[in-house]
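Biologist: I'd like to go through this protein with you slowly, if you have time. Could you put it up so that we can both look?

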Amino acid sequence: MNQTALFDKDVLSPMLETAATDRMKHPTATPGYVVSHGISRRMLCVPLSFAGDRTLTLAVVDPAAAQLDMGEPLAVMLRAVWDSDPAADPLQSEMTVLTALRRSFGRLPLKLYEDAFSLYQQLISSMIMVFQPVVELDQRATGVSVQSFEALARRNDGEPRAPWSALRMAHDWGDRFIVERDAILVTKAIHSYAEADAASGWQGTKPLSVNVAVRSLLSDTYLGQVSKALAEAGLHPRTLTLEISEQDPITPEPGELWPQEPLVYFHNRLTALARELRISFAVDDFGVGYASLARMAELPLTQIKVDRAILHHPMALEELTLVTQIARYGSDQGQTGQPRTVIVEGFDDDAPVSLYDIFRLGIHHVQGYFSGATASPILCGLEPAVQERIASLVRGEK
């Protein structure tokens, strides 16, 4: 692949042929290997991906001696650069390189670690928050409405998907990065939501939900930031629900001791936080990762958000029925006044389970692009035509 004006494939073809031959001799040489042609030319070959008997290889022509002295770390860095986009997004590209080194080698020099923390703060701070509506279903068009909003992080306003690679980098670095990521995002979400709510002209403030990691909820620093952001934005704590992903394990870290069994300890932690901070908690992404019935049944949650993967499961209706039974368990036992709200996430017109089926199960809240309201920095209501279309689907009409 000709990436520079100095790359002449015809001149370099002898080395490229040698590299291909050496690749067959060293099929697992993932750190890279060097081929030479005469005494003046060298080529560093770094395998990037494998597909059957074909290998995509990055060839660095005439690498500096200092580069070759780096050995395997250089190969890790080159692969990370290749997988990112340094020209379009240098901040995330640099963080991708540092994270690849962390993932490959574990502990890094303290200066690199601190540089990575500073870069990650900048990367997360560069994100914006958009808000996706949760729709309340009804058989009457006038009863179809926006029940609440979920705050979602984006690198820019036009980006359709969450920047998962950037968000997940924190888990390669540990608690300090996870807590800092969540603290920055919850602050952005609360302040942005207060501004969007003030500009919406609606009467009353709709509830807001924000994602949070289990490790952040164990951090007093994070929780102090939540309280501070709510006070600064002038939002009542009851407006906020923190969504705990099912993909997060509720277990102590190696060498960490909890005074009780993990679920009991975390239950007590959430109960105390709900009482002190007056905020609510929900479980997110049910149906993936560490999802368990015990987790849903035993934690003090006000909402259960079902992952879209369940909608495409062969036993989707049976699984949704079980979720609604668990949601009602506390109220059926007289432990709470109201059953937990069940929200189906990621619903769209291609879902094999219909709104009619969902509504008949007693699930009255759905989140997804079916409403025509995309995630946006502003808070948008539903057009009358959309309300009527949703109501007709809930009634089982085509």
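Biologist: Let's start with one helix: which are the buried residues of α10?

Modeller: Bear in mind that we are looking at a predicted model. In it, the buried residues of α10 are F266, R269, L270, A272, L273 and L277. Seen down the axis of the helix, these buried residues fall within an arc of 165 degrees, so they line one face of α10.

Biologist: Why would residues that are not next to each other in sequence point the same way?

Modeller: An α-helix has 3.6 residues a turn, so residues three or four places apart point the same way.

Biologist: And what covers the buried residues of α10?

Modeller: The cover includes two helices, α8 (214-217) and α9 (220-233), together with the strands β7 (240-245) and β8 (280-286).

Biologist: How many residues does α10 have, and how far does it reach?

Modeller: Helix α10 runs over residues 262-277, which is 16 residues, and it reaches 22 Å from its first C-alpha to its last, close to the 22 Å expected at 1.5 Å a residue. Just after α10 comes R278, which takes a positive phi of about 65 degrees.

Biologist: Okay, another helix. Which residues of α6 are buried?

Modeller: In helix α6, residues 164-173, the buried ones are A166, L167, M169, A170 and W173. They cover an arc of only 140 degrees around the axis, which puts them on the same side of α6. Among what covers them are the helices α4 (90-105), α5 (110-125) and α7, and just after α6 there is G174, with a positive phi of about 105 degrees.

Biologist: There's W164 in that helix too; how does it count, buried or exposed or partly exposed?

Modeller: W164 is in helix α6, but it counts as partly exposed because its relative accessibility is 48%, and a residue must be under 20% to be called buried. Its C-alpha atom is separated by 13 Å from that of N211, and these two residues are 47 apart along the chain.

Biologist: Changing topic: in the largest nonpolar core, which residues touch the most other members?

Modeller: That core has 96 residues, and the ones touching the most other members are L217, Y222, L242 and I358. Helix α7, residues 175-200, gives the most to this core, with 12 residues.

Biologist: Take Y222, then. What does it touch?

Modeller: If we leave out residues up to four places away in sequence, Y222 touches V179, D182, A183, V186, V212, S216, L217 and L242. Two of these contacts, L217 and L242, are themselves among the residues that touch the most other core members.

Biologist: Now the strands. Where does D284 lie, and is it buried or exposed?

Modeller: D284 lies in strand β8, and it counts as buried because its relative accessibility is 4%. Leaving aside neighbours within four places in sequence, D284 is in contact with E150, N211, E243, I244, S245, E246, K305 and E345. D284 and V212 are 72 residues apart in sequence, yet from C-alpha to C-alpha they are 9.6 Å apart in space.

Biologist: And S209, what does that touch?

Modeller: S209 lies in strand β6, residues 208-212, and it is buried, with a relative accessible area of 6%. Its contacts, again not counting residues up to four places away in sequence, are F149, E150, A151, T241, E243 and K305. T241 is found in strand β7 and is also buried, at 7% relative accessibility. With the same neighbours in sequence left out, T241 touches L208, S209, V210, S280, F281, A282, T302 and Q303.

Biologist: How many disulfides are there?

Modeller: A search of the whole structure finds 0 disulfides. As for individual cysteines, C45 is buried, with a relative accessible area of 2%, whereas C380 counts as partly exposed at 32%.

Biologist: Last, the whole protein: how many helices and strands, and what share of the residues is buried?

Modeller: There are 14 helices and 11 strands in the protein, and buried residues make up 44% of its 398 residues. Among contacts between residues at least 6 apart in sequence, 64% join residues at least 24 apart. The C-alpha atoms fill a box of roughly 80 × 55 × 40 Å along the principal axes, and the protein exposes about 20500 Å², with carbon and sulfur atoms supplying 53% of it.

Conventions
Residues are numbered from 1 along each chain as its sequence is written. This is a predicted model: local features need pLDDT of at least 70, side-chain atom pairs count only at pLDDT 80 or more; totals for chains, interfaces and linings use all residues. Side-chain values use heavy atoms; hydrogens and water are left out. Helices (H or I, at least four residues) and strands (E, at least two) are DSSP runs, numbered from the N terminus. The expected span of a helix is 1.5 Å times one less than its number of residues. Buried means under 20% relative accessible area, exposed over 50%, partly exposed in between (1.4 Å probe, protein chains only). The arc is that of the directions from the helix axis to the C-beta atoms. Contact means heavy atoms within 4.5 Å. A nonpolar core is a set of buried Ala, Val, Leu, Ile, Met, Phe, Trp, Tyr and Cys residues joined through side-chain atoms within 4.5 Å. A disulfide is a pair of cysteine sulfur atoms within 2.5 Å. Accessible areas come from the Shrake-Rupley method with a 1.4 Å probe; for residues, only the protein chains shown count as cover.
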